[in-house]
Amino acid sequence: MKLINFLYALLSVVILFGCSKAPDRADVLISTDHGNIYIDLYDETPEHKENFLRLASEGFYDGTTFFRIVKEFMIQGGDPNTKEDGGGRPGAGGPGYTLEKEIVPGRYHKRGALAAARMPDQINPQWESSGSQFYIVQGRKWDLNDLDRISTQIPAMIESHVHYVMEATPKYNWVRSVDLEGLSVSNPDSFALVDGQIKSALDNIRRQYPSYNMTPEMRKQYSNYGGAPMLDGMYTVFGEVIQGMDVVDKIAAMPVQGEMALEPVRMEIEVIK
């Protein structure tokens, strides 16, 4: 009878909480009081994957929180300042280094995407990723007309940023002193030479940034399931949630002041393969 009672109790636990076995593709487990989130890290972004696995294995993330919450957009965490003994302003912390961007076509901000946070363009023109801070996309569903608009805006924003980088790069200071319009009238041969040099400089910078195209698959994902397409092409997406989006939704529904969580949602991150 005792054995039967024990088995019945065990079965009840399994039914209540489900099987604890990790999905086959899962690389890491993010544990919170609201449940577990299993993450698959992409091989196409090796520096971000290796860094995330190393920090997780060292216990860097344990005790940090999802400190920034924007419903129907994303939840952000990974800042050591959010530990109980961390000190400092949430959102300003990290491991003391950044990572070069690994923006890969086909890895985009669909619902459940894991991506690297970063500082704004003006102080981070190379779009380097935070060494530890990340966000998980909750997102929302998008109208096809909105997707048309975004698919046009993003290439224009990338191109604008390329021009900004050239203007901010000291070795290209000479460009600002050139009167191209006047030169085209006074000396067409010199104009052609200088114009070619400027275009070559822009091409060299442009190659450092990804080209962008919203594919039919991406449009289908964003319209049917949701995401945050306005970030595509400008932030590194290096993994995705393969189990536990219900937990992400629970965290995204937590109370906030502005975008800052009023109740700390602490996490532990474990490498599981």
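In this predicted model, L144, L147 and D148 of helix α3 meet R219, Y222 and S223 of helix α6. Sorted by class, this contact brings together three nonpolar residues, two charged residues and one polar residue. Two packed helices are described by the angle between their axes and the distance between the axes. Here, α3 spans residues 144-168 and α6 spans residues 216-224, and their axes come within 10 Å and cross at roughly 135°. An angle over 145 degrees would count as roughly antiparallel, and one from 65 to 115 as roughly perpendicular; α3 and α6 are therefore oblique to each other. The crossing in which α3 passes α6 is right-handed.

The strands offer another view of the fold. Strand β2, made up of residues 35-41, is mostly covered, with six of its seven residues buried. Strand β1 (residues 28-32) pairs with β2 in the antiparallel sense, and five bridges hold this pairing. A helpful example to find in the structure is S31, whose bridge partner in β2 is N36. Two residues lie between β1 and β2, and the two strands form a hairpin. Strand β2 is also joined to strand β8 (residues 237-243) by four bridges, and these strands run antiparallel. In this pairing, I39 has V241 of β8 as its bridge partner.

Two single residues round out the picture, beginning with P23. This proline lies in the loop between α1 (2-17) and β1. Its relative accessibility is 19%, and buried means under 20%, so P23 counts as buried. Setting aside residues up to four places away in sequence, P23 touches Y38, I242 and Q243. Y38 falls within the residue range 35-41 of β2, while I242 and Q243 fall within the range 237-243 of β8. Along the chain, P23 and N124 are 101 residues apart, and their C-alpha atoms are separated by 36 Å.

The other residue, H48, has its place in helix α2, which covers residues 46-57. With a relative accessible area of 3%, H48 is buried. Which residues are in contact with H48, leaving aside its neighbours within four places in sequence? They are L99, E100, K101, E102, A116, S129, T236 and F238. One of these, F238, falls within the range 237-243 of strand β8, the strand that is joined to β2 by four bridges.

Technical notes
Residues are numbered from 1 along each chain as its sequence is written. This is a predicted model: local features need pLDDT of at least 70, side-chain atom pairs count only at pLDDT 80 or more; totals for chains, interfaces and linings use all residues. Side-chain values use heavy atoms; hydrogens and water are left out. Axes are lines fitted to C-alpha atoms, for helices over the stretch in contact, and angles run from 0 to 180 degrees between N-to-C directions. Angles under 35 degrees count as roughly parallel, over 145 as roughly antiparallel, 65 to 115 as roughly perpendicular and the rest as oblique. A crossing is left-handed if the near helix is turned anticlockwise from the far one by less than a right angle, and right-handed if clockwise. Contact means heavy atoms within 4.5 Å. Ala, Val, Leu, Ile, Met, Phe, Trp, Tyr, Cys and Pro count as nonpolar, Asp, Glu, Lys and Arg as charged, and the others, Gly among them, as polar. Buried means under 20% relative accessible area, exposed over 50%, partly exposed in between (1.4 Å probe, protein chains only). Two strands pair if DSSP finds at least two bridges between them.
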